[in-house]
Amino acid sequence: MMGSSVCSAVSYLRSRGITFDDVVFWRIGWDEQLKRIALPVMDHWGEVVFWTMRAVHQNQYPKYLHVAEDHSCIPLWMYGCHQEANGKHPVIVEGHIDAV
């Protein structure tokens, strides 16, 4: 049985048009301790460099938390840079969820 926080996360993702296939493709998860959606930021080999934790509830601040062993690496990576562009130009969006 899913807890209310997980249900809130699933509801939030669905409200943003994110499907189960998107969750699998982007390797989106749930951090039980922080009660946040876990978005892995990966290098071009698909290895996780750090995690961005997205708030689910409006009273959670900040909206995005970056979790890394070495915080100096965070400015060097963009979410989704490991995905092939299929000949398309990259699109800059506000947040990680917008990229999905």
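1. A good place to start is the turn between S2 and S3: these two strands form a hairpin with five residues between them, and Gly46 in that turn has a positive phi of about 85°. Please keep in mind while reading that this is a predicted model.

2. The pairing behind this hairpin is antiparallel, with six bridges joining S2 to strand S3, residues 48-54. One pair to look up is Val41, whose bridge partner in S3 is Phe50.

3. On its other hairpin, S2 pairs with S1, again in the antiparallel sense, over three bridges. Here Asp31 stands opposite Arg36 in S2. Four residues lie between S1 and S2, and Lys35 in the turn has a positive phi of about 60°.

4. How many residues of S2 are buried? Seven of the seven are, so the strand is largely enclosed by the rest of the structure.

5. Glu32 deserves a look of its own. This residue lies in the loop between strand S1 (29-31) and strand S2 (36-42). Buried or exposed? Glu32 counts as partly exposed because its relative accessibility is 47%, and the partly exposed class runs from 20% to 50%.

6. The side chain of Glu32 has two polar contacts worth viewing. A contact of 2.5 Å joins it to the side chain of Lys35, the turn residue with the positive phi. Another, at 3.1 Å, links the side chains of Glu32 and Trp30.

7. Finally, a pair separated in sequence: Glu32 and Ser5 are 27 residues apart along the chain, while their C-alpha atoms are 8.6 Å apart in space.

How values were computed
Residues are numbered from 1 along each chain as its sequence is written. This is a predicted model: local features need pLDDT of at least 70, side-chain atom pairs count only at pLDDT 80 or more; totals for chains, interfaces and linings use all residues. Side-chain values use heavy atoms; hydrogens and water are left out. Buried means under 20% relative accessible area, exposed over 50%, partly exposed in between (1.4 Å probe, protein chains only). A polar contact is a pair of N or O atoms within 3.5 Å; within protein, one must be able to donate a hydrogen and the other to accept it, and residues adjacent in sequence count only if both atoms are side-chain atoms. Two strands pair if DSSP finds at least two bridges between them.
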